[in-house]
Amino acid sequence: QGRTIGDFPFFKVGDMNSEGNKEEMNNANHWITKEDAKRKGYRVTPAGTIIFPKIGGAISTNKKRMLIRDSVYDNNVMGLIPNDKVLPSFLFWWLKGFDITRWASDSALPSMKKTTIESTKIPLPPIGEQRKIVGKIEKLFAKIDEAKKLNAEVAVELAALSASILDKAFKNEL
């Protein structure tokens, strides 16, 4: 840890808040080498794994992020690794709609147990159907993003119009 270059990003919960890590983990503050991972017994997790906080108040943030490259993460993070029955993008979108605080213990320091998570049933349609579902979701979110962009543009125009009206009103030009 502490390196700015290496073979694998080493993610911590705080990295989920870093610029560019809104849905995918693109940026890491720490990197490790293959030798570091082997020497310390770190598990290298494959791209497509969905990670989230597993200890403390960070669980309540309900953050879920997808690894875009093979990575290592610390013991405050847990990951779900897709297999041949589930697309990473399908698992990601399913988790986005799931409240992970349901997995947390009800204690002073909330935490998650692997057995609790393993007991959760995830509906898994065939891969082809998963692709269709993900495609529809991504199209709808693209429309939402476009609407947000247009809304921001309109807000800027309305602010300018309001300022212009006020200026004319006080100059008695209305």
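Student: Which residue just after helix 4 has a positive phi, and how big is the angle?
Tutor: Asn 172, directly following helix 4, adopts a positive phi of about 60°. The model is predicted: local features need pLDDT of at least 70 and side-chain atom pairs 80 or more, while totals for chains, interfaces and linings use all residues. Numbering starts from 1 along each chain as its sequence is written, and side-chain values use heavy atoms, without hydrogens or water.

Student: How many residues does helix 4 have, and how far does it reach?
Tutor: Helix 4 contains 44 residues and spans 64 Å from its first C-alpha to its last. That is close to the 64 Å expected at 1.5 Å a residue (1.5 Å times one less than the number of residues). Helices (H or I, at least four residues) and strands (E, at least two) are DSSP runs numbered from the N terminus.

Student: Switching to charges, how many salt bridges are there?
Tutor: The count is five salt bridges, each a side-chain nitrogen of Lys or Arg within 4 Å of a carboxyl oxygen of Asp or Glu.

Student: What does Arg 3 pair with?
Tutor: Arg 3 forms a salt bridge with Asp 36, and their closest N and O atoms are 2.1 Å apart. Arg 3 belongs to the segment before strand 1 (8-11) and Asp 36 to helix 1 (residues 34-40), so this pair ties together parts that are 33 residues apart in sequence.

Student: Is Asp 36 buried or exposed?
Tutor: Asp 36 is buried, at 6% relative accessibility. Arg 3 is partly exposed, with a relative accessible area of 36%. Buried means under 20% relative accessible area, exposed over 50%, and partly exposed in between, with a 1.4 Å probe and protein chains only.

Student: Which other residue of helix 1 forms a salt bridge with Asp 36?
Tutor: Arg 39 does, with closest N and O atoms 3.3 Å apart. Both residues of this pair lie in helix 1, three residues apart, about one turn of the helix. Arg 39 is exposed, at 58% relative accessible area. Arg 3, Asp 36 and Arg 39 are thus linked in a network of salt bridges.

Student: And what does Asp 167 meet?
Tutor: The side chain of Asp 167 meets that of Lys 171 in a salt bridge, at 3.2 Å from N to O. Asp 167 is partly exposed, with 38% relative accessibility.

Student: On to pockets: which residues lie nearest the centre of the largest pocket?
Tutor: Gly 79, Leu 80, Ile 81, Lys 114 and Ile 117 lie nearest the centre, out of 22 lining residues. Strand 6 (72-73), strand 7 (77-80) and helix 3 (114-118) each give two or more residues to this lining, and strand 7 supplies the largest share, four residues. A pocket is an open set of points on a 1 Å grid over the protein atoms alone where a 1.4 Å probe fits, with protein on both sides within 12 Å along at least five of seven lines; lining residues have an atom within 4 Å of a point.

Student: What lines the second largest one?
Tutor: Its lining consists of Lys 22, Glu 23, Trp 93, Lys 96, Phe 141, Ile 144, Asp 145 and Lys 148. Helix 2 (88-96) and helix 4 (127-170) each contribute two or more residues to the second largest pocket. Helix 4 gives the most, with four residues.
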